[in-house]
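Welcome! Here is a set of short exercises for getting to know a protein model. Try each task yourself before you read its solution.

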Amino acid sequence: MLTMLRVYGYFCVLGFLIADTLSDNDINGCEEQPCHNGGVCVGDHASYRCLCSLQSRDGRLYGGENCTVALLGCNANHCENGGICSPLFMNNRHAYTCICQAGFSGLNCKTPTVFSFETQGHMYVATQLLDPEAPLNVTFSFRTRHPIGTLLQRRVDDLLLTIELVDGRLRLSSLRGQGSSTLVQELPEKVADDDWHRVEALLGGVVSLIKLRQPCSEGSCSMASGTEDAFLEQGSGFVELESVRQSLFIGAEGGRSGSAAKRETEYPPAYLGCFRDVFVDSRLVVPAGKLSISSSTQVNVTLGCSERDKCEDSPCQNRGRCLSQGWRSFSCDCQRPYEGPTCAEEYITARFGNQDFGSFALFSLDDDPGDKFVVSMFIRTKQSSGLLLTLANSTSQYLRLWLEEGQIKVQVNNFESLVGQSSVSNGHFHLVMVKLEDRTVALYQSGHSQGTVPIRPVLAQSGDLVYVGGLADQRATASFGGYFKGCVQDLRINSRRLQFFPINKTPVGSFKLEQLTNVTHGCTSDNTCSASPCLNGGVCYSMWDDFSCSCPPNTAGRRCEEVKWCELSPCPSTAVCQPLAQGFECRSNVTLRSDQSTLIYRGNGKISRSISSVVLSFRTRQTDSTLMHAERGSEYLTISLQHSRLLLELQVKAGVGSPKLTAQSWGPVSDGEWHMVELFMENPDLQTSRWIMVLDKRREESDVSIVSSGNLDFLRDGVDILLGGLGPETGGHLAGCLGPVEIGGILLPFYGDTDLNLPRPQDEQFVKISGSEPPQYGCLGASVCAPNPCLNQGMCEDLFDQFLCKCSPEWSGPQCQDSTDTCASSPCVHGTCNIRSGGYMCTCEPGYTGARCEADVDMCDDNKCSQGATCLRGRLNYGCLCPQNMTGLLCNVKIPDIPWYIDKIMIPTLPVSVCLSSRWNYSCFNGGNCSTVENTCDCLPGFMGQWCEMDVDECTSSPCQNGGFCRNLNNGFHCMCEISFSGEHCQIDVSDFYFYVFLFLWQNMFQLMSYLILRLDDGPEVEWGFNMED
């Protein structure tokens, strides 16, 4: 506003100068047009003034006396925050002024004039008018979405003038002394719409009013700043509040956000929103520089007007949900177990059973939860049993919660029980909730229902006791698994807490704590490593009420109690280490080739298990040999090969007169492939049982013994067990390979203790006693390919004690001794030879057959010529020579007989020629001659066929018309016409000619008859007679 007054004064002075110029009547100075660049000349007589154009010329503005000076003041564009620079030229110096956007002021528009109250606050402005009763002129813009709030208060002695928002409308009210508030003015417009609104107010003891002005649009409230504005900065040079008679507050001192309108002397509702361009008596009001320092003159003032929702900054901690409460305010919906304005405070956890001390807490109820209530808490434990909570009155304990095998168990009225479905003793926090309502009890774990059961009515009343973690009586506590060991947090009955330890900042309602025994602050853990639980050099790490052992590389198990023997490389390089529960075994294959390689074993005297099975693997091409044998007295076990089949023979003293047991494999096993045999009792728990033999895990083809026998316990001690034969010079030794052999699940090792890097630690063992010579480790067949048995550069393939020759294509046979070119001798007489595996095959020429194409094919075999016809044999086909009355390809079509009234024409018989051929002689019929093409003839016209055997029937096309009879001739035909027709094809009708001939003959015959009759009348009588023959 101050700038506007300055501009107004500038134009007034300009007007006076123009008027003075116009009053001079001496010389009209504008006649010479002194103003340039669009300037307008104003003058009279000898003087003039140039009003320079505000429109740019060539991108520049011009000034000076004649508008000829290019204005350079805005070249550097010193205006900030969207301010518009206007260049000036005064006193022969370039200058500028900034027209600032709304919300900014100052010489270069650097000073922000926008501030806000995000929470309840105020700003004190000292006015110090000489006349306190004089009205105070205040203009400001504001923006809010809250319908209630105190925008401004002015106090003069005991008079309080207030501009406030009530139900979204602006209201001016006054209050004098302790009287009642008086409404001075209320504007009808609703302005709590989050838009900027501009207010002008006149606040005085006599006259006070408010009015709304048109809000600033883009640039409509711009302010020119030729010089620095005069500011009323809060707290700069003003006296203390207590020593002044008058005061002005922006906002409300002591206001409370969201409260309803009350007496202004109490806490008026606080304004939450923004201010902009506040002027008090044309002096701009801005906040103090250090907004972080609160004082009685400035409280909770924030520079700027942020539209950002507070919830976007995620102010709620620990998974709390932020709820927006309007402009820049929020509330937090906290997740359990957190509290506070931002969910930053956590309910303090109580530790029970620390260092295994019995502990409990006791609360008393001071209200009546009634027959519908909910008990909930967070628990954390690694213990599978323990009492959690008991609700008791003076007569009984009507609700119990305890742990049983890691699951929550609820009991109501000492009778109805409900057990959770999942374990909670895993060291994690679980929210446990028990809900009693409508004569049912329901159990929930971490929000998941664990079931409900019906109960008798339960009533919780004031004075009842709540025991947590156990009871005062140790023996009674032991009935429910003993004292609870773990942590409890945020224990509630309905929404009211049972606090073991109060939280610091946020007070909450809690039932009264009566006793706290051995319950500690926080969820600490016992020192579980103090007892050194880790074995074999393991390092213990303490976890919450648990421990973890970091075991050395060769150990395993929770306490490093399991030694990983195989990681210590106890076996030689030719064996594979197999870990056992208490030791290891070294497994490999061995090759046995002579009676000197028989292996002998004996139990170490510590075998206590019952032996009811034998498992072994072998590979051989022998048809007869001994794989395993052991005997003691009349008891013996033999596993052998007989005629390529596996045979089990067993005799044990299982009872009086125990029979010999045998079992044999179905198929041969001496094929050079690996085979595994499993021998076991069908029912090892009985004294005697049938034995089953399974070969290569094909249980569907297993063999079951007919008789029953006992187990193999006689092998446990004092009995020699032989593998691969019966000993030196006994014969029947195995020539092949043995894989792992187990008796009763105990391996018969191929290595002695001296062959191992570490002794085997297990108790039950079979020990290798001796062998005539050390076995050959691995499975190696005989050297069947050295020297190479295959001839003609055939390649020898070792098939374990047997070879296979892979021959080149030219040779075959077991040793590539036979040539594969079977066509070299040209065995096919009349055909092409094709090499086939094991021989040859002939593809015969046409007309030949036989394995070597040596026989002619007689095409007349099974011919179809009709009876009486002669078959003519060809190379690829045959023909039929028909008799005179037959025709057709197969002579099966009869030639029609010639009618009796037609004279027969003698057809000459044509000669037959005999022709010579490379395969056989043949004939050419009907005058045909031998052709140069073998087995064919050159035929006369009218004949066809390979041997001219077919007379072409020219009558086939029915050439004779009008009922004429066609006779076939050699290379032609003849039509026998009816009496009325004539011509080559009987095509000429001659019936009229014959009629006239008949009349002529009849006339002559009549005349002759007449003559004869006349003559007869003169002569003797003669008798005429006719004989008609059938």
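The exercises below go through this predicted model, from the whole chain down to single residues.

**Exercise 1. The whole chain**

Task: Find how many helices and strands the protein chain has, and what share of its residues is buried.

Solution:
- Step 1. Count the elements: the protein chain holds three helices and 88 strands.
- Step 2. Turn to burial. Of the 1030 residues in the protein chain, 40% are buried.
- Step 3. Look at the surface. About 55,900 Å² of the protein chain is exposed, and 52% of that comes from carbon and sulfur atoms.
- Step 4. Consider contacts with a separation of 6 or more: residues 24 or more positions apart make up 53% of them.

**Exercise 2. The nonpolar cores**

Task: Which residues touch the most other members of the largest nonpolar core?

Solution:
- Step 1. The largest nonpolar core has 48 residues, and Met628, Leu637 and Ile639 touch the most other members.
- Step 2. Apart from this core lies another one of 44 residues, including Phe373, Val375, Leu388 and Leu436.
- Step 3. Take Leu637 and set aside its neighbours within four places in sequence. Among its contacts are Val614, Met628, Leu648, Leu650, Leu712, Phe714 and Leu715. Leu637 is also in contact with His629, Ala630 and Glu649.

**Exercise 3. An open sheet**

Task: Which strands stand at the edges of the open sheet of seven strands, and why is one side of each left without a neighbour?

Solution:
- Step 1. Write down the order, which is β37-β36-β35-β34-β41-β32-β44, with antiparallel pairing.
- Step 2. Read off the ends. β37 (416-419) and β44 (512-517) are the edge strands; each has a single partner strand, so one of its sides has no neighbour in the sheet.
- Step 3. Check the angle: ignoring direction, neighbouring strands of this sheet are turned by 15° against each other on average.
- Step 4. Pick one pair inside the order. Four bridges link β32 (residues 360-364) and β41 (residues 465-468) in the antiparallel sense, and Ala361 stands opposite Val468 in β41.

**Exercise 4. Three strands in sequence, two hairpins**

Task: Follow β13, β14 and β15, and find which residues in their hairpins have a positive phi.

Solution:
- Step 1. Strand β13 (residues 159-166) runs antiparallel to strand β14 (residues 169-176), and eight bridges join them. Leu159 has Arg176 in β14 as its bridge partner.
- Step 2. Two residues lie between the strands of this hairpin, where Asp167 has a positive phi near 55°.
- Step 3. Move on to strand β15 (residues 182-190), which is antiparallel to β14 and joined to it by five bridges. Here Ser173 is paired with Leu183 in β15.
- Step 4. The hairpin of β14 and β15 has five residues between the strands, and Gly177 in the turn shows a positive phi of about 65°.

**Exercise 5. Buried or exposed?**

Task: Decide whether Arg143 and Val914 are buried or exposed.

Solution:
- Step 1. Recall the cut-offs: buried is under 20% relative accessible area, exposed is over 50%.
- Step 2. Arg143, in strand β11 (residues 136-143), has a relative accessibility of 12%, so this residue counts as buried.
- Step 3. Look around Arg143. A polar atom of its side chain lies 3.1 Å from the backbone oxygen of Asp194. Beyond residues up to four places away in sequence, Arg143 touches Trp196, Tyr271 and Glu307, among others.
- Step 4. Val914 belongs to strand β79 (residues 913-915). Its relative accessible area is 61%, so Val914 is exposed.
- Step 5. With neighbours within four places in sequence left aside, Val914 is in contact with Tyr922, Ser923 and Cys930.

**Exercise 6. Backbone exceptions**

Task: Find where the cis peptide bonds before Pro337 and Pro787 lie, and which phi value Asn494 has.

Solution:
- Step 1. Start from the general rule: most peptide bonds are trans, and most residues other than glycine have a negative phi.
- Step 2. Arg336 and Pro337 are joined by a cis peptide bond with omega of about 10°; Pro337 sits in the loop between β28 (330-333) and β29 (338-339).
- Step 3. Ala786 and Pro787 are joined by a cis peptide bond with omega of about 0°. The loop between β66 (776-777) and β67 (795-798) contains Pro787.
- Step 4. Asn494, in the loop between β42 (486-493) and β43 (496-497), has a positive phi near 60°.

How values were computed
Residues numbered from 1 in each chain as written. Predicted model: local features only at pLDDT ≥ 70, side-chain atom pairs only at ≥ 80, totals over all residues. Heavy atoms only, no water. Core = buried A, V, L, I, M, F, W, Y, C linked by side-chain atoms within 4.5 Å. Buried < 20%, exposed > 50% of the residue type's maximum accessible area, 1.4 Å probe, protein only. Contact = heavy atoms within 4.5 Å. Areas by Shrake-Rupley, 256 points an atom, 1.4 Å probe, with all protein chains shown as cover. Pairing = 2+ DSSP bridges. Axes fitted to C-alpha atoms, helices over the stretch in contact; angles between N-to-C directions. Polar contact = N/O pair within 3.5 Å; in protein donor to acceptor, adjacent residues only side chain to side chain.
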